[in-house]
Amino acid sequence: MGALSWDDYFMSLAFLTSMRSKDPSTQVGACIVNDRNRIIGVGYNGMPSNCPNDQLPWSKRSVEGELATKYPYVVHAELNAVLNKNAESCSGCRIYSTLFPCNECAKVIIQAGIKQVIFASDKHSDRASAKASRRLFELANVELRQHVPEARRGGRDGTQWEKAEKQ
Ligand SMILES: O=c1[nH]c(=O)n([C@H]2C[C@H](O)[C@@H](COP(=O)(O)O)O2)cc1CO
Ligand SMILES: [Zn+2]
């Protein structure tokens, strides 16, 4: 078996990072890489630091309304990856994300100077947030590419991607 490609390696790292997430329905991981293939930052979706996790909800919906769901509180994986960066800047970098970024993450990605987005799952493509983010990326000339694991081209066991697509 040959060496892992950079794309498979960084997307695998994004999946590994996603496994730190406590979201019971969608674990997301992201990894920012520079043009020398050095890792600049990683992140996953989680509640903000210093907020006791057991005091915030993980539900998708609630009879009590939106404030009783995770959506107003959770920090997205891509935002965490940018905030956690260990380099001066993300300018000219690419980001690997296990899920296509929403519009709020698209704004952060564009403002951080990231030039390429490589994603695995596109399961929320029908949501307005995904449509808005496509529009922003197009206008800002950020390149989008869905990751096709080497396994799909024959060879490796790509079970983690199959799992992500089913999520
Ligand atoms: O860009 C993203 N990055 C990210 O981390 N997420 C997180 C927020 C939520 O915890 C989860 C989405 O939840 P759900 O699929 O249950 O609606 O994924 C969601 C998006 C966009 O959908
Ligand atoms: Zn987002």
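How many residues surround ligand 1, and which are the closest? There are 20 of them, and the closest are Asp 23, Thr 26, Lys 60, Lys 70 and Tyr 71. Before going on, I should say that this is a predicted model.

By class, that shell consists of nine nonpolar, five polar and six charged residues.

Now the polar contacts. I will go through three side chains, and in each case the partner is an oxygen atom of ligand 1. For Tyr 71, an N or O atom of the side chain is 2.4 Å from the ligand oxygen. Lys 70 places a polar side-chain atom 2.7 Å from an oxygen of the ligand. For Arg 127, the distance from a polar side-chain atom to a ligand oxygen is 3.0 Å. As for burial, ligand 1 on its own would expose 490 Å², and the protein buries 97% of that.

Next, the site itself. Where does ligand 1 sit? The answer is the largest pocket, whose volume is about 430 Å³. Lining that pocket are 24 residues, and the closest to its centre are Tyr 71, His 76, Leu 99, His 124 and Arg 127. Two of those names, Tyr 71 and Arg 127, have come up already: Tyr 71 for its side-chain contact at 2.4 Å, and Arg 127 for its contact at 3.0 Å.

Which helices each supply at least two residues of the lining? They are helix 2, spanning 77–83, helix 3, spanning 103–111, and helix 4, spanning 128–139.

Last, the make-up of the pocket lining: nine residues are nonpolar, eight are polar and seven are charged. For the shell around the ligand, to repeat, the counts are nine nonpolar, five polar and six charged.

Note on methods:
Residues numbered from 1 in each chain as written. Chains lettered and ligands numbered in written order. Predicted model: local features only at pLDDT ≥ 70, side-chain atom pairs only at ≥ 80, totals over all residues. Heavy atoms only, no water. Near = heavy atom within 4 Å. Polar contact = N/O pair within 3.5 Å; in protein donor to acceptor, adjacent residues only side chain to side chain. Areas by Shrake-Rupley, 256 points an atom, 1.4 Å probe, with all protein chains shown as cover. 1 Å grid on protein atoms, 1.4 Å probe; cavity = no way out; pocket = protein on both sides within 12 Å on 5 of 7 lines; lining within 4 Å. Sits in = over half its atoms within 2 Å of the grid points. Nonpolar A, V, L, I, M, F, W, Y, C, P; charged D, E, K, R; others polar. Points joined across faces, edges and corners; volume = space filled by probe spheres on them. Helix = DSSP H or I, 4+ residues; strand = E, 2+ residues; numbered from the N terminus.
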